[in-house]
Each structure stands twice: as C-alpha cells, then as structure tokens.
Amino acid sequence: MTKIAFIFPGQGSQSVGMGAELFNSGGNFLERADEVLQFELSKLITEGPQEELTLTYNAQPALLTVGAMIASKLVEEGITPDYTAGHSLGEYTALVASGVLSFEDGVSVVHQRGLFMNDAVPAGEGAMAAILGLDSEKLQEVTDAITAEGDSVQPANLNCPGQIVISGTKAGVEKACVALKEAGAKRAIPLDVSGPFHSSLMKPAAERLKKALDEVEMKDASIPVVANVNAETVSDREEIKQLLVEQLYSPVRWEDSVRELINLGVTHFIECGPGKVLSGLVKKIDRSVTVLPVYDEETLQAVIDASKGWE
C-alpha cells in the first residue's frame with residue numbers, strides 16, 4: 001500500500017527562477033506573498049538578484065512560497081500526503097501543507113524568523129561547516145570539548161549517515177573543523193551561510209519568534225507532521241509552537257525524521273521545492289523507498305503519471 005510524505009527543503013535550495021513554469025500555469029501564490037510582505041518577493045524569485053534572494057529573511061518566505069505552491073498543485077491532482085516534514089525552514093512549509101498555518105501567516109512568520117536570525121548574531125561572528133565521514137558520537141564529544149573551552153559549537157543538522165553540519169561561533173567552528181579531521185572526519189567544508197543556525201547562539205531569536213507565533217492563528221494539524229527537534233509525529237498546535245521555538249537553537253534531526261516516516265509505512269517521498277537536496281539525503285538513508293522531486297512542469301507531470309499506478 002502506498003503511503004506518501006511531502007517533504008520540503010530549507011535554505012540553500014533557493015535559486016532565481018525557481019518554480020517559474022509552475023507559477024505561470026496558474027495560482028496566485030506570488031501575489032499573495034507580495035501582499036503579505038508589502039514588497040515584491042515575486043520579483044526576487046523570478047528575476048533576482050541571487051545575492052538578495054539568498055538573504056535569510058528573503059530566502060525563507062521565497063522557499064515557503066514555492067513549496068506551498070507545489071504542494072497545492074499535487075493536491076489538486078489528487079496526490080495527498082499521509083505525513084509531512086521539512087528541513088529547518090521547510091518545516092514551516094510542511095505546517096502550511098498540514099493546515100497548521102495559513103499560507104499568509106506562514107509567509108509572514110518565516111520572514112520575521114529570518115530577520116530575527118539575522119539580528120541574533122552579527123555577520124562574521126558565527127559560522128557553519130559540513131563534516132563528512134564521522135559518527136555522531138565522536139563528533140558530539142569533540143564539539144562538547146571545544147564548547148567547554150569557551151568557543152561555542154554544536155551539531156546543527158544530522159542529515160544522513162556520514163553527513164553532519166556543525167554550527168557556532170566562527171572560532172568554535174574553525175577549531176572544530178581541525179579537531180574533527182584529526183578525529184577521523186574525511187572532510188570539513190565551511191558553508192556559505194549568514195549565521196550559526198540551529199545553535200545555542202540563536203536563543204535570542206527564539207524568544208522573539210515565540211512572540212511572533214503567539215500573534216498568528218495556529219490549528220491542530222490535519223496531516224501529522226514529523227518535527228525536526230524530536231523526529232516524532234506531532235499534531236497539537238501548542239506542542240508544534242513550542243517545538244518551532246526550540247528548533248531555532250536545536251539540531252535538525254533529519255536522518256531520524258526520515259527513518260520515523262519509513263517506520264510509519266511511508267513508501268513514497270515527494271520533495272516539493274527547488275533542487276533535489278532532500279531527495280539525495282533520503283536515498284542515502286534508505287535506498288528502498290521511492291523519492292520523487294517536484295520543481296518544474298516536467299517533474300510534476302512525472303509524479304502525476306506515476307501516481308496512477310499507486311495502490
């Protein structure tokens with residue numbers, strides 16, 4: 001029996017022109033986003049420049065807009081998820097797809113979230129890096145030791161076997177990259193990001209986010225969402241709100257989230273958004289499941305055609 005999860009990418013997947021064909025084929029998501037934000041997010045998405053689109057407070061509403069639009073098109077074609085999940089920012093798109101947040105409130109909240117994250121740590125003071133080929137226990141041991149010495153650094157994204165992103169102060173991440181390679185990591189790759197996301201340095205942003213979430217209407221999920229913080233299904237709106245606050249300074253447990261979805265019987269993962277990052281991670285976690293990225297007319301049609309054979 002086919003069970004479907006819609007999954008939504010986070011920051012880093014954005015690109016100028018993303019979703020262009022799909023926006024052109026109907027729907028008013030761009031106009032609705034512009035109206036909420038009171039600036040032309042639509043122009044940034046369709047025309048760029050990439051540097052401005054990549055700014056966290058622009059990238060977040062832009063990715064949510066594209067992901068929500070794609071999910072809406074799938075549902076229109078009769079393809080509905082049994083579960084949703086999203087990577088970091090993508091969790092908000094999942095909540096829109098699951099009926100917890102309206103599209104308009106989702107766009108507004110993630111724009112504010114981006115501003116709060118941008119304000120929490122001045123540019124250049126924080127950093128992130130991808131660590132390849134080291135187990136999580138050893139990585140935790142090394143980052144804990146560096147943090148204890150006064151330079152904060154911690155696991156931020158537990159993405160798939162052999163790929164963990166660390167986050168913290170610039171000095172903490174630099175020291176950790178050296179120490180983790182000495183401990184056996186194959187590579188330590190600095191990431192081009194604007195802040196130390198999913199680290200304790202984001203706690204000031206989390207306090208402001210809680211107030212912003214208190215001001216929007218949240219409903220219980222009509223479709224269960226697997227949360228980043230605990231990799232468990234959640235439907236209660238108050239629990240979801242608390243987990244979103246914690247998510248800002250807690251690791252994204254993506255590998256555990258995917259394994260939980262598979263344990264729940266999910267056979268088909270549909271990535272709704274630009275690129276194929278999550279599709280690649282899911283395949284590294286379990287090659288037996290079907291993974292289908294949707295980011296343009298061709299990939300959308302491929303999923304529609306494939307779904308006719310699902311039981």
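A residue is called buried here when its relative accessible area is under 20%, exposed when that area is over 50%, and partly exposed in between. With that cut-off in hand, select histidine 198 in this predicted model: at 3% relative accessibility the residue counts as buried, because 3% falls under the 20% limit. Histidine 198 sits in the loop between β6 (187–190) and α10 (203–214), and its phi is near 60°, a positive value in a residue other than glycine.

**A second positive phi**

Now move to glutamine 38, in the loop between α2 (29–37) and α3, where phi is near 65° and is again a positive value in a residue other than glycine. Is glutamine 38 buried or exposed? With a relative accessible area of 66%, glutamine 38 is exposed, because that value is over 50%.

Continue along the chain to the loop between α3 (41–47) and α4, where proline 49 is found. Display the backbone here, and look at the peptide bond that joins glycine 48 and proline 49, which is cis, with omega at about 10°.

**Serine 167 and its surroundings**

Select serine 167 next, in strand β5 (residues 163–169). Serine 167 is buried, with a relative accessible area of 0%. Which backbone oxygen does the side chain of serine 167 reach? The partner is the backbone oxygen of phenylalanine 197, at 2.8 Å. If residues up to four places away in sequence are set aside, serine 167 touches Ala127, Met128, Ser152, Val153, Gln154, Ala156, Val173, Pro196, Phe197 and Ser199, and showing these as sticks lets you follow the contacts around the side chain and backbone of this one residue.

**The pockets**

Strand β5 also leads to the largest pocket, since it is among the elements that each supply at least two residues of its lining, together with α4 (50–54), α7 (103–120), β3 (126–132), β4 (153–160) and α13 (277–285). This pocket has a volume of about 740 Å³ and is lined by 31 residues, of which Gly10, Gln11, Gly12, Leu191 and Val193 lie nearest its centre, and these five make a practical selection for placing the view. The lining divides into 13 nonpolar, 15 polar and 3 charged residues.

Keep Leu191 selected and add Gly126, Ala127, Met128 and Pro190, and you have the residues that lie nearest the centre of the second largest pocket, which is lined by 15 residues. About 190 Å³ of space lies in this second pocket. Strand β3 and helix α9 (170–182) each supply at least two residues of its lining, and the residues of that lining divide into 9 nonpolar, 4 polar and 2 charged.

**An enclosed space**

How many cavities of 30 Å³ or more does the structure hold? There is 1, with a volume of about 40 Å³. To find the cavity, select the residues that line it, Glu91, Leu95, Val225, Ala227, Val234, Ile240, Leu243 and Leu244. The elements that give two or more residues to this lining are α6 (90–97) and α11 (237–247), and the largest share, 3 residues, comes from α11. By residue type, the lining of the cavity divides into 7 nonpolar, no polar and 1 charged.

**The nonpolar cores**

In soluble globular proteins, nonpolar side chains tend to be buried together. For the largest nonpolar core in this model, which has 68 residues, begin with Phe6, Leu74 and Ile270, the residues with the most contacts inside it. Helix α5 (residues 56–76) gives the largest share of this core, 9 residues. Centre the view on leucine 74, which, not counting residues up to four places away in sequence, touches Phe6, Ile79, Ile270, Cys272, Leu300 and Val303. A second, separate core has 18 residues, among them Val258, Leu261, Phe269 and Ile285.

**A last stop**

Finish at alanine 302, in helix α14 (residues 297–307). At 42% relative accessibility, alanine 302 counts as partly exposed, because this value lies between the 20% and 50% limits. To compare positions across the model, draw a C-alpha to C-alpha distance from alanine 302 to glycine 106: the two residues are 196 residues apart in sequence and 28 Å apart in space.

Definitions and conventions
Residues numbered from 1 in each chain as written. Predicted model: local features only at pLDDT ≥ 70, side-chain atom pairs only at ≥ 80, totals over all residues. Heavy atoms only, no water. 1 Å grid on protein atoms, 1.4 Å probe; cavity = no way out; pocket = protein on both sides within 12 Å on 5 of 7 lines; lining within 4 Å. Points joined across faces, edges and corners; volume = space filled by probe spheres on them. Helix = DSSP H or I, 4+ residues; strand = E, 2+ residues; numbered from the N terminus. Nonpolar A, V, L, I, M, F, W, Y, C, P; charged D, E, K, R; others polar. Buried < 20%, exposed > 50% of the residue type's maximum accessible area, 1.4 Å probe, protein only. Polar contact = N/O pair within 3.5 Å; in protein donor to acceptor, adjacent residues only side chain to side chain. Contact = heavy atoms within 4.5 Å. Core = buried A, V, L, I, M, F, W, Y, C linked by side-chain atoms within 4.5 Å.
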